[in-house]
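Here is a short briefing on one protein model. Keep the sequence and the 3D view open while reading.

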Amino acid sequence: MLHRLYEKAFSTKIVNVLLLLVLLVFAFSLYHREIQQDEPWFGEQAYWLVEEGNVKLKSMPGVFDWTDNMLIYHKLFVWVCAALILTFGWSVYIFKTFILGLFLCLAYYLFKFTSRSYPGRRELPWLVLLLLFITPELIHRGFMFRPGYGNDIGFSVIL
């Protein structure tokens, strides 16, 4: 009886409709999102790396002499950010879109992995995507330019 209830509640058709609704809400939520937490700092670090060749943070004067040179920072993240600036120009939405692209790559690879791991369960990959896109923290951070999150998604996509 539980198996039939599961098959009806989580049929591929129902899960796909729910996923479509969730994706629409997610897409509409991207419009006019505010700049969050440390995004300006990382963008500024990459900006100075591109402009002057060394990482600094002039928006926080008097903190560890960071207005002249920063030795401790998220190197890979700031270097990738600098490459984005050189390629596309300066905009926080370019950085946010990069993170969104990594998030969508993660969703794609999770879908592929689940499809290959459970070939007889057609609804399971869609259910995994649904669960990914209804997780509040992932909805929030799927468009946030943060080093830990972006690197985690990028490395999980590579793996």
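How many aromatic pairs does the structure hold? This predicted model holds 11 aromatic pairs. One of them joins tyrosine 47 and tryptophan 48. The notes below cover that pair, the aromatic cluster, two lysines over rings and the largest pocket.

**Aromatic pair**
- Tyrosine 47 and tryptophan 48 meet edge-to-face.
- Their ring centres are 5.1 Å apart, with 75° between the planes; the angle is over 60 degrees, so the pair counts as edge-to-face.
- Tyrosine 47 is partly exposed, at 30% relative accessibility.
- Tryptophan 48 has a relative accessible area of 15%. That value is under 20%, so tryptophan 48 counts as buried.

**Aromatic cluster**
- Tyr47 and Trp48 both belong to one aromatic cluster.
- Phe42, Phe77, Trp90, Phe95 and Phe145 are also in this cluster.

**Charges over rings**
- Lysine 56 places its charged end over the ring of tryptophan 48, 5.8 Å from the ring centre.
- Lysine 75 does so over the ring of tyrosine 73, with its charged end 4.4 Å from the centre.

**Largest pocket**
- The largest pocket contains about 150 Å³ of space.
- Its lining includes Trp41, Phe42, Trp66 and Tyr73.
- Leu57, Met60, Met70 and Ile72 line the pocket as well.
- Asp38, Gln45 and His74 complete the lining.
- By class, the lining residues are 8 nonpolar, 2 polar and 1 charged.
- Asp38 is the charged one, because Asp counts as charged.
- Phe42 appears both in the pocket lining and in the aromatic cluster.
- Tyr73, the residue under the charged end of lysine 75, also lines the pocket.

Notes:
Residues are numbered from 1 along each chain as its sequence is written. This is a predicted model: local features need pLDDT of at least 70, side-chain atom pairs count only at pLDDT 80 or more; totals for chains, interfaces and linings use all residues. Side-chain values use heavy atoms; hydrogens and water are left out. On a 1 Å grid over the protein atoms alone, a cavity is a set of points where a 1.4 Å probe fits but cannot get out, and a pocket is an open set with protein on both sides within 12 Å along at least five of seven lines; lining residues have an atom within 4 Å of a point. Grid points are joined across faces, edges and corners, and a volume is the space filled by probe spheres set on the points. Rings of Phe, Tyr and Trp (its six-membered ring) pair if their centres lie within 6.5 Å; planes under 30 degrees apart count as stacked, over 60 as edge-to-face and the rest as tilted. Buried means under 20% relative accessible area, exposed over 50%, partly exposed in between (1.4 Å probe, protein chains only). A charge sits over a ring if NZ of Lys or CZ of Arg is within 6 Å of the ring centre and within 35 degrees of the ring normal.
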